[in-house]
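Biologist: I have a structure open on my screen and would love a guided close look at one part of it. Could you walk me through the aromatic residues and then what lies around them?

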Amino acid sequence: MTNLIRVIHSGFRALAIDDDAEKRDIYQRITGKAGLKLMTSNEHQAVADELRRLGFKPAPKRLQGQPDMSGKYSAKVQALWIALYNLGVVKDRRDSAITAFVRGQTSIEAMRFVHHHDDASAVIEALKAIAARAGVNWSVKGKAKHEEAFGCQIARAQWKILHPTGEPEFWAGINAMLGKPASSRAVSKEEWIAVMNELGTRIRLQKTAGAK
């Protein structure tokens, strides 16, 4: 496996894109090919660049003492942590900050040692509770399918932080950001990632301005 392919797989994990169909959609859109094995090294680079555009920040080569974020629950925990960062709740998006939080919740020293559901649930539910206090409504009962997406739930809370009066209306604003028709409700996971990252930047700028 080449280094670029490793970067691509890491990018998908960090962005919580785990559905093969969504990965193929990205491959097809960027290179016109449906799989990594069909691509040239330049096309691998183009896919890696697209994942960076969507918010993936490749970590430098892990040095001794840096946190190991492998493990089957890491992607979910990282996605929630970055959501909190984009909600303006946490200031440090680094894996070291996640590791410190996990240690505080479970007394487990690293994410790669979080093997049991109960331990993972303690971390995940704690993160979801913090997000709820920041305005995220996790209830999906009675919601339309397009409202159930993780990205939509986070983005709605972000929108309320930025637009407490409700103007402009959420979907009108999201579609304007994405260049879609006002009536559209079709937003892919990768588009939600781009939206959350952009709104997160605006929230942090707003907080910085308010602190002056």
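Which residue has its charged end over the ring of Trp-138, and how many Å from the ring centre does that charged end sit?

Modeller: Happy to! Please keep in mind that this is a predicted model. The residue you are after is Lys-128: its charged end sits over the ring of Trp-138, 5.1 Å from the ring centre.

From there, let us turn to rings that meet other rings. A pair of aromatic rings is described by the distance of the centres and the angle of the planes. The structure holds seven aromatic pairs. In one of them, the ring centres of Trp-159 and Phe-170 are 6.2 Å apart and the planes stand at 85°; an angle over 60 degrees counts as edge-to-face, so this pair is edge-to-face. Trp-159 belongs to helix H7 (residues 150-162) and Phe-170 to helix H8 (residues 170-178), so to speak two distant parts of the chain linked by the pair, with their positions eleven residues apart in the numbering. Both Trp-159 and Phe-170 are buried.

Another pair involves Trp-171 and Trp-192, whose ring centres are 5.8 Å apart; with their planes at 65°, this pair too is edge-to-face. Here Trp-171 in helix H8 and Trp-192 in helix H9 (residues 189-211) are 21 residues apart, and the pair again links distant parts of the chain. The cut-off for buried is under 20% relative accessible area. Trp-171 has a relative accessible area of 3%, so it is buried, and Trp-192, at 4%, counts as buried as well. Put the two pairs side by side and you have one aromatic cluster, formed by Trp-159, Phe-170, Trp-171 and Trp-192.

While you are around H7 and H8, have a look at the loop between them, which is the place of Pro-168. A cis peptide bond joins Glu-167 and Pro-168, with omega at about -5°. Most residues other than glycine have a negative phi, and most peptide bonds are trans. The loop between H1 and H2 holds a residue to set beside that: Ala-16. Ala-16 is not a glycine, yet its phi is positive, at about 60°.

Asp-18 is found in the loop between H1 and H2 too. With a relative accessibility of 61%, Asp-18 counts as exposed. Leaving out residues up to four places away in sequence, Asp-18 touches Lys-23 and Lys-189. The C-alpha atoms of Asp-18 and Ala-75 are separated by 9.0 Å, although 57 residues lie along the chain from one to the other.

Now for the nonpolar interior. The largest nonpolar core has 43 residues, and those with the most contacts inside it are Ile-8, Leu-51 and Leu-127. Several helices give two or more residues to this core, among them H1 (3-14), H2 (20-31), H3 (41-53) and H6 (117-133). H6 provides the largest share, seven residues. Leu-127 touches Val-77, Leu-80, Trp-81, Leu-84 and Phe-101, again leaving out residues up to four places away in sequence. Another core lies apart from this one; it has twelve residues, including Ala-155, Phe-170, Ile-174 and Val-195. You will recognise Phe-170 from the aromatic cluster.

Two of the helices that feed the largest core, H2 and H3, also pack against each other, at an angle of about 115° and with their axes 10 Å apart. H2 passes H3 in a right-handed crossing. On the H2 side the contact is made by Ile-26, Tyr-27, Arg-29, Ile-30 and Thr-31, and on the H3 side by Glu-43, Ala-46, Val-47, Glu-50 and Leu-51.

One more stop in helix H3 is His-44. At 8% relative accessibility, His-44 counts as buried. Its contacts, not counting residues up to four places away in sequence, are Leu-4, Ile-5, Ile-8, Leu-36 and Met-39. Ile-8 is also one of the residues with the most contacts inside the largest core. The C-alpha atoms of His-44 and Asn-3, 41 residues apart along the chain, are separated by 9.9 Å. Finally, the loop between H2 and H3 is the place of Gly-35, which counts as buried at 16% relative accessibility.

How values were computed:
Residues numbered from 1 in each chain as written. Predicted model: local features only at pLDDT ≥ 70, side-chain atom pairs only at ≥ 80, totals over all residues. Heavy atoms only, no water. Phe/Tyr/Trp six-rings, centres within 6.5 Å; stacked < 30°, edge-to-face > 60°. Helix = DSSP H or I, 4+ residues; strand = E, 2+ residues; numbered from the N terminus. Buried < 20%, exposed > 50% of the residue type's maximum accessible area, 1.4 Å probe, protein only. Lys NZ or Arg CZ within 6 Å of the ring centre and 35° of its normal. Core = buried A, V, L, I, M, F, W, Y, C linked by side-chain atoms within 4.5 Å. Contact = heavy atoms within 4.5 Å. Axes fitted to C-alpha atoms, helices over the stretch in contact; angles between N-to-C directions. Left-handed = near helix turned anticlockwise from the far one by under 90°.
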